[in-house]
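User: Please take a close look at one part of this protein: the place where two of its domains meet. I would like one connected account.

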Amino acid sequence: MAEYDYDVLVIGAGPGGYVAAIRAAQLGLKTACAESRDTLGGTCLNVGCIPSKAMLHASEYFEAAAGGAMSDMGIEVSPRLDLDKMHGQRRDAVEGLTKGVAFLFKKNKIDWKNGHATFKDAHTVTIGEETVTAKNVVIATGSSVTPLPGVEVDNAKGVVVDSTGALELPKVPKKMVVIGGGVIGLELGSVWRRLGADVTVVEFLDQLLPGMDGDVRKEAGKIFKKQGMELKLSHKVTGCEVKGKKATLTVEPSQGGDAETIEADCVLVAIGRRPNTEGLGLDAIGLETNERGQVETDHAFRTAVDGVWAIGDVIPGPMLAHKAEDEGIAVAENIAGQTGIVNHDVIPSVVYTWPEIAGVGLTEEQAKERGEVKVGKFPMMANSRAKTNHEPDGFVKVVADAETDRVLGVWCIASVAGTMIAQAAQAMEFGATSEDIAYTCHAHPTHSEAVKEAAMAVTGKPIHI
Ligand code: FAD
Ligand code: NAI
């Protein structure tokens with residue numbers, strides 16, 4: 001009889017966990033996956049990437065029709081919003097994709113154990129009523145919303161909500177206040193602004209989107225303001241009172257000063273996410289978390305406890321689905337005795353607003369801290385396809401090492417920046433110089449030509465500016 005029930009038990013079926021389970025099974029390991037939700041796919045498929053993109057895509061069409069962009073191209077329409085139907089197509093997308101993961105589990109003979117998993121020891125885990133043993137256990141429990149003291153989220157009531165509640169609003173709020181000018185605040189704030197809400201973003205720092213390149217942050221601020229979002233930078237919310245269907249927020253300058261109040265019929269709290277380790281029984285296996293509550297691992301995703309591995313949002317690094325997925329593949333390969341690696345220096349990030357905002361590698365500021373750099377920039381206004389499509393906002397910026405010309409970072413604001421950034425990530429993965437990109441033939445007319453021209457600008461020779 002086998003010593004353990006399974007070779008691998010993955011805890012959590014988000015993009016990290018379900019991908020790890022599939023790769024482990026593909027490699028011939030007997031695999032189970034514990035998931036407390038009733039559907040697979042984790043935050044990403046159920047309440048994150050997928051439903052938010054469904055609402056972003058649909059609201060983008062609505063705004064194009066209602067806001068005049070279509071009219072600029074000679075298409076006259078006066079749209080009527082059917083919000084229930086818009087929510088319906090979002091739910092359909094989620095249902096289709098989560099069922100798709102269930103199908104992949106079946107196809108790969110992965111046992112899905114539905115319930116909350118808790119360690120009894122490093123190889124024994126209880127999942128609801130059941131106890132399962134495994135030679136290797138992968139913690140892929142993800143993250144959840146960071147609460148803001150004094151601002152209590154109640155998604156069912158719909159006045160003060162987190163991202164999950166903001167995806168489900170039954171009606172377009174008249175006035176929405178978003179606390180936090182990060183990725184969630186800007187994406188979901190954009191959805192409801194496009195559908196008619198008057199949106200104010202309260203951000204603690206003096207610019208939006210911390211972690212992104214400085215020029216990108218400044219330009220993003222200008223673009224969102226132009227779109228009609230009110231930005232209260234360098235401000236914090238210090239209190240929130242809810243009466244019936246209205247909230248009154250107390251807001252003051254981050255560094256102290258006179259407080260003011262803002263009334264809203266919807267408040268979205270989006271100040272970050274924190275790792276999920278509660279109720280996991282880490283004490284039982286003697287695994288400590290770091291000061292940010294994350295589980296630390298080595299480069300192979302091994303934790304300090306033999307046989308226990310960890311990936312995704314629960315470990316350090318950007319909280320992104322594709323990072324979790326790549327770690328899922330790598331951890332399974334390492335468990336199978338292969339060499340699974342993730343290059344954490346080249347993880348693209350994309351904000352799916354209009355225009356999209358994307359980056360990979362070092363910001364100009366980070367690169368300058370490490371040494372001399374050369375920077376090339378190209379405005380989307382001078383890109384023929386963007387201009388033809390009435391998409392003048394944004395730019396591409398390439399940051400390269402001054403001595404070796406190796407590309408250290410690429411940043412874009414453009415309608416399809418999320419797609420454009422893939423070529424930059426691939427170039428960086430191959431150790432490309434800016435000259436390599438500049439001398440790669442790019443199809444015309446495409447937005448991606450702006451990446452080529454920004455690379456040409458690194459040595460001062462773009463053609464179209
Ligand atoms: P998760 O997806 O969080 O999955 C963890 C799973 O583990 C959950 O289903 C949870 O129920 C389960 N679980 C936790 N503890 C236990 C336990 N003890 N027992 C059993 N099950 C347990 N990222 C992008 O890259 N692109 C995007 O466009 C994007 N959009 C987002 C939009 C929103 C609104 C949000 C909230 C997030 C978004 N993200 C996006 C982030 C992305 O969702 C996460 O980075 C990703 O889901 C992390 O994957 P994970 O597998 O580590 O964890
Ligand atoms: P975030 O970290 O992106 O942004 C939070 C913002 O809130 C920051 O700008 C921060 O300065 C601000 N803030 C913190 N405390 C504050 C306070 N008290 N008052 C006012 N502002 C305050 O976090 P967010 O937007 O909640 O997203 C969580 C995670 O989800 C992100 O790390 C991101 O990686 C992931 N995500 C990714 C998406 C994508 O890839 N497109 C989309 C949505 C989420």
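Analyst: The domain assignment splits the protein into three entries: domain 1 (6–145 + 274–335), domain 2 (160–271) and domain 3 (349–458). Domain 1 is listed in two segments, 6–145 and 274–335. The model is predicted. The part examined here is the contact between domain 1 and domain 2.

Start with the overall layout. Taken over C-alpha atoms, the centres of domain 1 and domain 2 lie 27 Å apart. Domain 1 brings 17 residues to the contact, and domain 2 brings 18 residues. Together the two domains bury about 1,400 Å². Carbon and sulfur atoms give 62% of that area.

Now the polar side of the contact. Between domain 1 and domain 2 there are 5 salt bridges. A salt bridge links Glu 60 and Arg 194. Their closest N and O atoms are 3.9 Å apart, which sits inside the 4 Å limit for a salt bridge. The two domains also share 9 residue pairs in polar contact, counting pairs with both residues at pLDDT 80 or more.

Next, the domain 1 side. Two elements give two or more residues to the side that touches domain 2: helix H3 (49–66) and helix H4 (83–107). H3 gives the most, with 9 residues. By class, this side of domain 1 has 9 nonpolar residues, 3 polar residues and 5 charged residues.

In short, helix H3 is the top contributor on the domain 1 side, and the contact with domain 2 includes 5 salt bridges within a buried area of about 1,400 Å².

Definitions and conventions. Residues are numbered from 1 along each chain as its sequence is written. Chains are lettered from A and ligands numbered from 1 in the order in which they are written. This is a predicted model: local features need pLDDT of at least 70, side-chain atom pairs count only at pLDDT 80 or more; totals for chains, interfaces and linings use all residues. Side-chain values use heavy atoms; hydrogens and water are left out. Domain bounds come from an automatic or database domain assignment. Contact means heavy atoms within 4.5 Å. Buried area is the accessible area (1.4 Å probe) that two parts lose on being put together, summed over both. A salt bridge is a side-chain nitrogen of Lys or Arg within 4 Å of a carboxyl oxygen of Asp or Glu. A polar contact is a pair of N or O atoms within 3.5 Å; within protein, one must be able to donate a hydrogen and the other to accept it, and residues adjacent in sequence count only if both atoms are side-chain atoms. Helices (H or I, at least four residues) and strands (E, at least two) are DSSP runs, numbered from the N terminus. Ala, Val, Leu, Ile, Met, Phe, Trp, Tyr, Cys and Pro count as nonpolar, Asp, Glu, Lys and Arg as charged, and the others, Gly among them, as polar.
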